[in-house]
Amino acid sequence: MKEADILIRNCIILPMVGGEVVREGVIATKNDKIIYLGQKSKAPRLMAEKTIDGHGKVAMPGLINCHTHLAMTLFRGIAEDQPLENWLKETIWPLEAKLKPEDVYDGALLGCLEMIKSGTTTFADMYFHEDQVAKAVEKAGLRAVLAQGILEAGVSRRGEKMLQDSINFARKYKGYADGKVTVQLGPHTVCTCSLDLLARVRQKASDLKVGIHIHLAESEENVSQIKQKHGLTEVELLEKIGFLGSDVLAAHCIHLTEKEMQLLAKHNVKVSYNPVANMKLAQGTAKIKDLLDLGVTVGIGTDGPASNNNLDMFQSMKVAALLQKQYYRNPTVLPAQTVQKMATIGGAKALGLEKTVGSLEVGKKADVILLDFKKPHLTPIHDFYANIVYSAHGDDVDTVIVDGKLLMENKNVKTLEEEKVMLKAQKTATNLPKRKAPIVKVY
């Protein structure tokens with residue numbers, strides 16, 4: 001007889017490896033890992049402290065959000081229908097200059113609540129006061145890859161200080177929250193960090209054995225500026241200084257030349273595809289099919305809640321698929337199962353976590369979500385992947401388990417007081433524009 005902490009019975013299982021759907025499935029977890037996964041008829045005798053009836057539910061790995069700025073929940077709906085440069089310079093940056101550490105905590109906690117309720121169990125974040133995001137992650141019980149942002153913007157002393165802050169954060173919070181927090185260094189863009197600073201980021205990341213999270217080829221304006229200044233594209237420039245590597249996570253990657261895509265593949269750079277935010281800010285469409293054809297690992301991200309305006313990865317999966325079909329004028333591009341893999345095991349690979357999360361397998365971390373399929377919009381079932389990618393949304397998530405711990409059951413969040421978190425974030429967001437503006441720090 002095997003003893004388990006949590007036992008899920010009678011569910012449909014989408015492991016996201018092997019391509020098989022397990023019917024009448026059983027999942028057993030012990031401590032932080034999966035100890036059994038398979039059909040009920042083949043399961044050993046199992047006893048558990050907690051048994052969950054999975055009838056009518058689909059079990060799958062928790063979703064992985066590869067790029068966001070979590071505390072920007074505070075700016076949801078405040079800077080609408082603007083071009084990117086106006087959005088940043090006239091609204092977002094002036095508001096961010098007013099943020100205090102406790103504000104970032106309030107916004108990050110709200111973001112954690114939203115992600116739990118919509119089935120995201122792991123996310124990659126780049127922002128400032130990132131220690132507050134780490135503390136929110138610990139309280140919520142999620143898993144995260146966090147990067148303290150680095151932005152020079154022509155002021156070398158600022159770049160030096162932010163690099164040191166990012167290094168200090170990485171040293172202090174690597175393995176935080178019982179190992180659920182891993183860390184990266186976070187240079188903002190090629191435009192806002194000098195080549196010298198980027199080279200130093202590369203060296204420090206290698207020394208610390210941590211990854212790098214950077215925005216890349218997001219806007220035509222920035223791409224043009226770099227080309228005019230250096231005579232090279234962003235990716236060519238990064239290769240020239242030895243920046244590229246398998247530990248680099250590049251967000252957006254919209255305006256890439258064929259040569260740049262080949263260079264990303266050559267150096268095994270990972271890409272976060274953020275379709276909703278890219279559409280909202282009218283930045284263009286990343287050539288995801290081309291990147292995948294070259295063997296590039298691509299995950300999916302929501303980007304920040306100010307430019308999305310939510311953290312619902314189900315919505316992002318659907319848009320990710322539809323936008324590529326439209327762009328290539330080909331309905332066969334990015335089938336549903338491919339997109340779901342991008343949001344699970346593909347996201348795990350993008351974040352360097354594929355050995356522990358991203359798929360449901362014995363020995364991996366017990367990061368599991370249950371979707372309630374007893375819904376009109378999820379009926380009938382011909383293809384589970386199609387229903388999830390094209391029909392489901394975050395509100396269909398019933399249960400969330402991270403690291404073997406129940407964060408939500410029957411839609412009841414166990415680690416956070418929902419109303420309290422929302423009220424506090426609302427108060428902070430309402431008061432923020434009223435504060436006296438300090439000297440603006442561009443981020």
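This is a short chat about a predicted model.

Colleague: Let's start with strand β11. Which residues does it span, and how many of them are buried?

Modeller: Strand β11 covers residues 248-252, and 5 of the 5 are buried. The strand is therefore largely enclosed by the rest of the structure.

Colleague: Which sense does the pairing of β10 and β11 have, parallel or antiparallel?

Modeller: Parallel, over 5 bridges. Strand β10 is residues 211-216. Ile212 stands opposite Val248 in β11.

Colleague: And how many bridges join β11 and β12?

Modeller: There are 3, again in the parallel sense. Strand β12 runs over residues 270-273. Ala251 faces its partner there, standing opposite Ser272.

Colleague: What unit do β11, helix α8 and β12 make?

Modeller: A β-α-β unit, and it is right-handed. Helix α8 takes up residues 258-266.

Colleague: New topic. Where is Ala350?

Modeller: In helix α13, which is residues 345-350.

Colleague: Is Ala350 buried or exposed, and why?

Modeller: Buried, because its relative accessible area is 6%, and the cut-off for buried is under 20%.

Colleague: Which residues is Ala350 in contact with, leaving aside neighbours within four places in sequence?

Modeller: Cys66, Leu249, Lys270, Thr297 and Gly299. Leu249 falls in the range of β11, residues 248-252. Lys270 falls in that of β12, residues 270-273.

Colleague: How many residues apart in sequence are Ala350 and Ala124?

Modeller: They are 226 residues apart in sequence. In space they are 9.8 Å apart, C-alpha to C-alpha.

Colleague: Now Asp372. Which strand is that in?

Modeller: Strand β14, residues 368-372.

Colleague: Is Asp372 buried or exposed?

Modeller: Asp372 counts as buried, at 13% relative accessibility.

Colleague: What lies 3.0 Å from a polar atom of its side chain?

Modeller: The backbone nitrogen of Lys374.

Colleague: Which residues does Asp372 touch, not counting those up to four places away in sequence?

Modeller: Gly56, Lys57, Leu378, Asp396 and Asp398. So that list has Asp396 and Asp398 as well as Lys57.

Colleague: Last thing, voids. How many cavities of 30 Å³ or more are there?

Modeller: The count comes to 2.

Colleague: What volume does the largest cavity have?

Modeller: About 40 Å³.

Colleague: And which residues line the largest cavity?

Modeller: Thr189, His215, Leu216, Ala217, Glu218, Asn222 and Glu234. His215 and Leu216 are within the range of β10, residues 211-216.

Terms used
Residues numbered from 1 in each chain as written. Predicted model: local features only at pLDDT ≥ 70, side-chain atom pairs only at ≥ 80, totals over all residues. Heavy atoms only, no water. Helix = DSSP H or I, 4+ residues; strand = E, 2+ residues; numbered from the N terminus. Buried < 20%, exposed > 50% of the residue type's maximum accessible area, 1.4 Å probe, protein only. Polar contact = N/O pair within 3.5 Å; in protein donor to acceptor, adjacent residues only side chain to side chain. Contact = heavy atoms within 4.5 Å. Pairing = 2+ DSSP bridges. Right-handed = clockwise from strand over helix to strand, strands pointing away. 1 Å grid on protein atoms, 1.4 Å probe; cavity = no way out; pocket = protein on both sides within 12 Å on 5 of 7 lines; lining within 4 Å. Points joined across faces, edges and corners; volume = space filled by probe spheres on them.
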